[in-house]
Amino acid sequence: MKFLRSTFLFACIAVLAACASQGMKSAGNGENEQLHALFDDYWETYLSEFPTTASYIGDQRFNDRWSDVSLAAFERRNALYRGYLERLEAIDPAGLSELDRTNYALFKRALEDSLADYASGNYLFPIMQTSGMQLAYDTASLVSFENEQDYRNWILRLERYGEYVDQNIVLLQKGIERGFTQPAVITKLLIEQIEAQRVDDPAKSDYYAPFEHMPDTIPAATQKELRAAGLAAIRDVVLPAYARFDDFMTNKYLPAARPAVGAWSMPGGREYYAKRVKHYTTTDLTPEEIHQIGLDEVARIRAEMEKIIDEVGFEGDFQAFLEHLRTDPKFYYEDPQELLEAYRNTAKRIDPELVKLFHVIPRTPYGVMPIPAPIAPYTYTAYYSGPAADGTRAGYYYVNLYRPEVRPKYEIEALTMHESVPGHHLQIARAMELGKLPDFRRYGESYTAFVEGWALYAESLGEMIGLYQDPYSKFGQLTYEMWRAVRLVVDTGMHYKGWTREQAVEFFMANAAKTEKDINNEIDRYISWPGQALAYKIGELKIKELRARAEAALGEDFDLKAFHDEVLGAGALPLDVLEARIDAWIAEQDAT
């Protein structure tokens, strides 16, 4: 799915706890009322602190501003987190309802995680090639442009962009002083993105896109005024900010950027990485343990791949088969539109088959859209962006049409299962429609091991609904599973064991059929975002472990649909909480 910085993730997770009181307060005692009053207070404060988060979830009240990312703001928010944690701990959880005891525990966990995130210095990495202020134009895709005020809000955001960039530059400078920088290989990609936005004509800027097609309900004279104001803001504020940003990144940040790619090369880097591992996997697994799990999984999946190579009668070794998949034109589209239609057709083939896997299917729709052209060369094969809470925006499965000749046909089925249904869209939309839960659990995405673990598990369900009938598509599904297993090895290898980028690319190329372009993009993503990529395979393995446990305990009474509904029925959860939930469900089923 679409990957966002940890502050944004917390905004989508812990912050949304405050929505709990909106139609979901537990009736009864004073402790429950205190808890929900705390959620209310926190929610309003947090939305005002993080207006782009509000835009993302569909709250339009703060569409005229960016988040305050000054050093003082981070210190202020950290103090707020401590204050909210003190207020939370003053509430006796023993007096809460069963549901609110869980809400209490998860809210506390999120607050503590945010405090730890600040203490680790993670906020000194406000930018990577898939997120950051250099890509702030994409914020326009999160809001509606239906009336004059929508455009005036966007103009105000444009006029405030310079301050936003300057605040981020201060963070990056602080990172230089602490030795917390992105590696040089990533910094060069960031500079490319910045320079791509330095256009001579303001009307050619991606920030001007909302003004290109304005609704007829806005009078022509007003449209002309708004366009002029938008052009002026881009010319006088946005473009000069990019110039300052470019100068800083080229002349100050790049010379200070780390030559080594791993987090180990920062002061206290291995300790920092171990904390990132714990954060993203929600486990106590060490980097060394995860590295070995990855090697074991690579060996297991490799054996399955070898069976398919034998099945298709390919004459040659494993590496020759991978090269065949990467280079034979029959596995690729030449036309981007054909590639887009293939993704859309696959999604529509899957939709009616979901009744075979779930008793409960969410109502919220999703669409399949191209990744915006400016970001496409630097980002993933695909990602998912969730729907707005107020129903004004559907979920979207974004697919990369840049260079279709490197986007294999045999990956389309597995990728669609992951990003749309039964993967990300089904899980996130289902969570949003869980009316019995507070909103921070319905909308939360910070438990990456659950969200991404579920999506990877979802890929394995394809054969049950008629996918992967072609051996190459089955190999594509195994390629995607191998991709996530390789991540365990190369992420820990680079950030903990001291591997070079070249070693990581070589290991990836030797074990997965993904194209070299994809592999290089993936490795650069792991470099810039330590630990996040581990969550997928660790989460998937846990869900498969719990399913096997349920099947063994319940035998013929095991209901796969009911198991899936139970996994998804409480929203995203840390893996230890999920395990306790499924164990309780197994005991309940066994007793009936």
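1. Is Thr282 buried or exposed in this structure? The model is a predicted one, and in it Thr282 counts as buried, at 11% relative accessibility, because the limit for that label is a relative accessible area under 20%. Thr282 is found in the loop between helix H10 (269–281) and helix H11, and its phi is near 55°, a positive value in a residue other than glycine. Most residues other than glycine have a negative phi, which is the reason for giving this backbone angle a point of its own.

2. A second residue with this kind of backbone angle is Tyr468, which has a positive phi of about 60° although it is not a glycine. Tyr468 lies in the loop between helix H17 (448–459) and helix H18, and Tyr468 too is buried, with a relative accessible area of 4%.

3. The peptide bond from Val421 to Pro422 also deserves a look, since it is cis, with omega near 5°, whereas most peptide bonds are trans. Pro422 has its place in the loop between helix H14 (412–419) and helix H15 (424–432).

4. The next point concerns the packing of two helices. Helix H11 (residues 287–311) and helix H18 (residues 471–495) pack at an angle of about 160°, and their axes are 8 Å apart. That angle makes H11 roughly antiparallel to H18, because angles over 145 degrees count as such. The crossing in which H11 passes H18 is left-handed, and the residues of the contact of H11 with H18 comprise 17 that are nonpolar, 5 that are polar and 7 that are charged.

5. Within helix H18 one finds Tyr480, which counts as buried at 0% relative accessibility. Its C-alpha atom is separated by 17 Å from that of Ile293, a residue 187 positions away along the chain.

6. Two positively charged side chains are placed against the ring of Trp483. The charged end of Arg484 sits over that ring, 4.3 Å from its centre, while Lys514 lies over the face of Trp483 at 4.2 Å from the ring centre.

7. Ile523, which lies in helix H20 (residues 516–528), is buried, with a relative accessible area of 0%. The C-alpha atoms of Ile523 and Val490 are separated by 8.1 Å, and the two residues are 33 residues apart along the chain.

8. Aromatic contacts are the last topic, and the structure holds 40 aromatic pairs. One of them joins Tyr42 and Phe107 in an edge-to-face arrangement, with 5.4 Å from centre to centre and 85° between the planes. Because Tyr42 lies in helix H2 (residues 30–49) and Phe107 in helix H5 (residues 98–120), the pair ties together parts that are 65 residues apart in sequence. Tyr42 is buried, with a relative accessible area of 1%, and Phe107 counts as buried at 0% relative accessibility.

9. Other aromatic residues are joined in one cluster, whose members are Trp66, Tyr137, Phe145, Tyr151, Trp154, Tyr161, Tyr164, Tyr207, Tyr208, Phe211 and Tyr242.

Methods: Residues numbered from 1 in each chain as written. Predicted model: local features only at pLDDT ≥ 70, side-chain atom pairs only at ≥ 80, totals over all residues. Heavy atoms only, no water. Axes fitted to C-alpha atoms, helices over the stretch in contact; angles between N-to-C directions. Helix = DSSP H or I, 4+ residues; strand = E, 2+ residues; numbered from the N terminus. Parallel < 35°, antiparallel > 145°, perpendicular 65-115°, else oblique. Left-handed = near helix turned anticlockwise from the far one by under 90°. Nonpolar A, V, L, I, M, F, W, Y, C, P; charged D, E, K, R; others polar. Phe/Tyr/Trp six-rings, centres within 6.5 Å; stacked < 30°, edge-to-face > 60°. Buried < 20%, exposed > 50% of the residue type's maximum accessible area, 1.4 Å probe, protein only. Lys NZ or Arg CZ within 6 Å of the ring centre and 35° of its normal.
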